[in-house]
Amino acid sequence: MIRVGINGYGTIGKRVADAVDAQPDMTVAGVAKTRPNYEARQARERGFDLYAAVEDRAEQFPEAGIETAGLVDELVADSDVVVDATPSGIGAQNRSLYEKHDTPAIYQGGEDADVADVSFNARSNFAAAEGADHVRVVSCNTTGLSRLLAPLREEYGVEKVRTTLVRRGGDPAQTDRGPINDILPDPITIPSHHGPDVETIFPDLDIDTLGMKVPATLMHMHSVNVTLESEPDADEVRDVLAGQSRIMVLDADLGIEGTGPLKEYANDMGRPRGDLWENCLWGESVTMEGPDFYCFQAIHQESDVVPENVDAVRAITGELDAEESVATTNDALGI
Ligand code: NAD
């Protein structure tokens with residue numbers, strides 16, 4: 001069993017912990033948190049050993065009646081791989097901790113690409129992370145775009161990508177985020193950082209991205225145009241995309257007209273926390289105009305990177321190849 005420590009137990013960390021726990025070849029060595037809040041309490045309820053991430057605040061846990069197993073330093077020493085799911089910028093500060101213990105680490109997309117030796121998406125460049133010590137799982141949006149572009153590049157070749165990302169203002173639990181009543185070009189300058197981030201996965205890709213933020217918490221929405229190097233018909237492209245294990249092509253019959261019913265669908269399917277680990281792509285939106293491909297896809301920001309973190313663990317440890325790892329992860333989670 002690969003012992004995986006999770007440092008940072010918030011939106012991403014708690015989901016990665018559950019996903020690791022569900023794998024046949026991994027176990028959760030423990031999770032580290034800064035504060036004894038409701039998530040810390042739930043970590044213990046789920047049977048995970050809890051470590052204090054900040055020494056000065058370690059006493060707060062027993063004061064709140066929550067048992068800890070030690071300090072994060074001990075968790076890192078006891079783990080084969082650490083998944084760092086701390087807020088943007090903290091992961092880079094934590095790198096020296098992982099190096100001190102010679103423990104390979106996985107960082108999240110909020111970190112700059114240079115935090116790690118390689119940026120990672122299982123469908124696109126699993127092999128690049130094999131045996132690496134420091135791997136960055138790219139952001140939710142970059143993950144969603146990479147999953148879509150990988151098969152299009154392989155099947156048809158890609159000349160140019162133009163994408164507008166309509167991004168949720170914050171996650172449901174982020175009470176301090178916005179906008180509340182506005183539509184923001186974000187950033188106002190073009191391109192947004194997302195295009196260059198996708199290029200950390202596909203260095204030779206020609207991609208321009210525009211970003212916006214809207215008063216929503218449920219998901220992101222991508223409006224995608226890809227100029228292909230050939231002119232397949234839309235049905236063929238839709239079939240290729242439907243054949244991807246982490247793209248859910250939504251049939252018109254489902255009557256899902258937006259991210260609200262999509263999240264409801266996830267709840268109805270019994271998905272934990274209403275998570276949608278796959279890109280959710282409207283089949284009817286797949287359109288070809290000459291070599292130009294168009295579609296809408298929704299990305300569940302809280303969960304699409306979760307299976308990618310699990311696969312990154314296997315890439316680092318070299319246990320399974322890309323196909324075997326993705327199949328194992330999908331099977332364990334129910335993707
Ligand atoms: P979050 O704020 O929900 O969770 C972060 C957790 O880390 C919190 O529990 C916080 O208390 C804890 N923490 C803070 N400082 C710490 C420290 N020094 N040591 C250990 N733990 C510490 O954040 P999140 O949304 O889970 O984001 C984590 C990372 O994942 C970021 O890089 C983010 O950009 C990336 N990411 C987030 C999303 C998303 O939509 N939420 C999607 C993809 C990637």
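**Exercise 1. Work out how far apart in sequence the contacts of the protein chain reach.**

Step 1. Fix the term: contact means heavy atoms within 4.5 Å.
Step 2. Take the contacts between residues at least 6 apart in sequence.
Step 3. Read the share: 70% of these join residues at least 24 apart.

Before going on, note the ground rules. This is a predicted model, in which local features need pLDDT of at least 70 and side-chain atom pairs count only at pLDDT 80 or more, while totals for chains, interfaces and linings use all residues. Residues are numbered from 1 along each chain as its sequence is written, and side-chain values use heavy atoms, with hydrogens and water left out.

**Exercise 2. Describe the overall build of the protein chain.**

Step 1. Count the elements: there are twelve helices and 16 strands. These are DSSP runs numbered from the N terminus, with helices being H or I of at least four residues and strands being E of at least two.
Step 2. Judge the compactness. The radius of gyration is 20 Å, close to the 20 Å that the globule rule gives for 335 residues, so the chain is as compact as a globular protein of that length. The radius is taken over C-alpha atoms, and the rule is 2.2 Å times the number of residues to the power 0.38.
Step 3. Box it. Along the principal axes, the C-alpha atoms fill roughly 65 × 45 × 40 Å.
Step 4. Look at burial. Of the 335 residues, 54% count as buried. Buried means under 20% relative accessible area, exposed over 50%, and partly exposed in between (1.4 Å probe, protein chains only).
Step 5. Add the surface. The accessible surface comes to about 14,100 Å², and 45% of it belongs to carbon and sulfur atoms. Such areas come from the Shrake-Rupley method with a 1.4 Å probe; for residues, only the protein chains shown count as cover.

**Exercise 3. Describe the surroundings of the ligand.**

Step 1. List the neighbours. There are 20 residues around the ligand, and I12, K33, T34, R168 and D171 come nearest. A residue is near if one of its heavy atoms lies within 4 Å.
Step 2. Sort the shell by class: seven residues are nonpolar, ten polar and three charged. Here Ala, Val, Leu, Ile, Met, Phe, Trp, Tyr, Cys and Pro count as nonpolar, Asp, Glu, Lys and Arg as charged, and the others, Gly among them, as polar.
Step 3. Find the close atom pairs. R168 has a side-chain N or O atom 2.9 Å from an oxygen atom of the ligand. For T11, a backbone N or O atom lies 3.0 Å from a ligand oxygen. For S88, a polar side-chain atom lies 3.4 Å from a ligand oxygen.
Step 4. Gauge the cover. Alone, the ligand exposes 820 Å², and the protein buries 82% of that.

**Exercise 4. Place K213 and find its partners.**

Step 1. Locate K213: strand β11, residues 207-214.
Step 2. Check burial. K213 has a relative accessible area of 18%, so it is buried.
Step 3. Leave aside neighbours within four places in sequence. K213 is then in contact with residues including R168, P179, D182 and D186.
Step 4. Inspect P179. A cis peptide bond joins G178 to P179, with omega about 10°. P179 sits in the loop between β9 (158-168) and β10 (184-185).

**Exercise 5. Which residue, D102 or R273, is exposed, and which is partly exposed?**

Step 1. Start with the backbone. D102 is not a glycine, yet has a positive phi of about 55°. R273, also not a glycine, has a positive phi of about 60°.
Step 2. Locate them. D102 is in the loop between α5 (90-100) and β6 (105-107). R273 is in the loop between α10 (259-268) and β14 (279-282).
Step 3. Compare with the cut-offs. D102 has 67% relative accessible area, so it is exposed. R273 has 30%, so it is partly exposed.

**Exercise 6. Examine S119 and V198.**

Step 1. S119 lies in strand β7 (residues 118-120). At 6% relative accessibility, S119 is buried.
Step 2. Its side chain makes a polar contact with the side chain of R136, at 3.1 Å. A polar contact is a pair of N or O atoms within 3.5 Å; within protein, one must be able to donate a hydrogen and the other to accept it, and residues adjacent in sequence count only if both atoms are side-chain atoms.
Step 3. V198 lies in helix α8. At 0% relative accessibility, V198 counts as buried.
Step 4. V198 and N121 are 77 residues apart in sequence, and their C-alpha atoms are 9.9 Å apart.
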